[in-house]
Amino acid sequence: MYIILKEESNLPIYEQIVNAVKEGLINHTIQPGEMLPSIRSLAKDLQISVITTKRAYDELEKDGLIYSVPGKGFYVKETNQEFLREQQLKKLEQQLSDWIEQARGLGISPDEMKSMLDVLCEGRKES
């Protein structure tokens, strides 16, 4: 499992881990039945607190995406990929709505927003 934490993100670290697992499920880089790294191992790899990693796993378990086998570890549950993707899209739409409101507050027109988005997307293609 490959997770990159972003220091500049407004999201808490545990949420970044949860989102990374969800994205892995959606894009099939994480498969149902796959064993996840132990809490301690993931914490060490990401150089974060064991408590933070445990919180992420607790959240994933609460969401029904993983399950634990005592003495063995955590495993990925079989999930409804479409439902999970729909949840992520809904979350993205809300974030975009918030950003649109911020842009409007700064007097940025819809055309300027589209141009900014185009520039940002082009910049991502090159990296």
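Trainee: Which pattern does the chain follow, read along the sequence?

Mentor: Helices (H or I, at least four residues) and strands (E, at least two) are DSSP runs, numbered from the N terminus. Here the pattern is α-α-α-β-β-α-α, so you get five helices and two strands. Bear in mind that this is a predicted model, where local features need pLDDT of at least 70 and side-chain atom pairs count only at pLDDT 80 or more, while totals for chains, interfaces and linings use all residues. Residues are numbered from 1 along each chain as its sequence is written, and side-chain values use heavy atoms, with hydrogens and water left out.

Trainee: How do I read the radius of gyration of the chain?

Mentor: It's taken over C-alpha atoms, and the globule rule is 2.2 Å times the number of residues to the power 0.38. For 127 residues the rule gives 14 Å, but this chain comes out at 17 Å, well over that, so it is more spread out than a compact globule. Its C-alpha atoms fill a box of roughly 55 × 30 × 30 Å along the principal axes.

Trainee: What about the core: which residues have the most contacts inside the largest one?

Mentor: In soluble globular proteins, nonpolar side chains tend to be buried together. A nonpolar core is a set of buried Ala, Val, Leu, Ile, Met, Phe, Trp, Tyr and Cys residues joined through side-chain atoms within 4.5 Å. Buried means under 20% relative accessible area, exposed over 50%, and partly exposed in between (1.4 Å probe, protein chains only). The largest core here has 21 residues, and Ile17, Leu25, Tyr57 and Leu60 have the most contacts inside it. At least two core residues come from each of α1 (13–26), α2 (39–46), α3 (50–62) and β2 (73–76), with α1 giving the largest share, five.

Trainee: Which residues does Leu25 touch, leaving aside neighbours within four places in sequence?

Mentor: Contact means heavy atoms within 4.5 Å. On that basis, Leu25 meets Ile30, Leu65, Val76, Gln81 and Leu84.

Trainee: Is Leu92 buried or partly exposed?

Mentor: Partly exposed, because its relative accessibility is 39%. You'll find Leu92 in helix α4 (residues 81–105).

Trainee: And phi? What is the value for His28?

Mentor: Most residues other than glycine have a negative phi. His28 has a positive one, near 70°; this residue sits in the loop between α1 and α2 and is partly exposed at 48% relative accessible area. Gln47, also not a glycine, has a positive phi of about 60°. Look for Gln47 in the loop between α2 and α3, where it counts as exposed at 74% relative accessibility.
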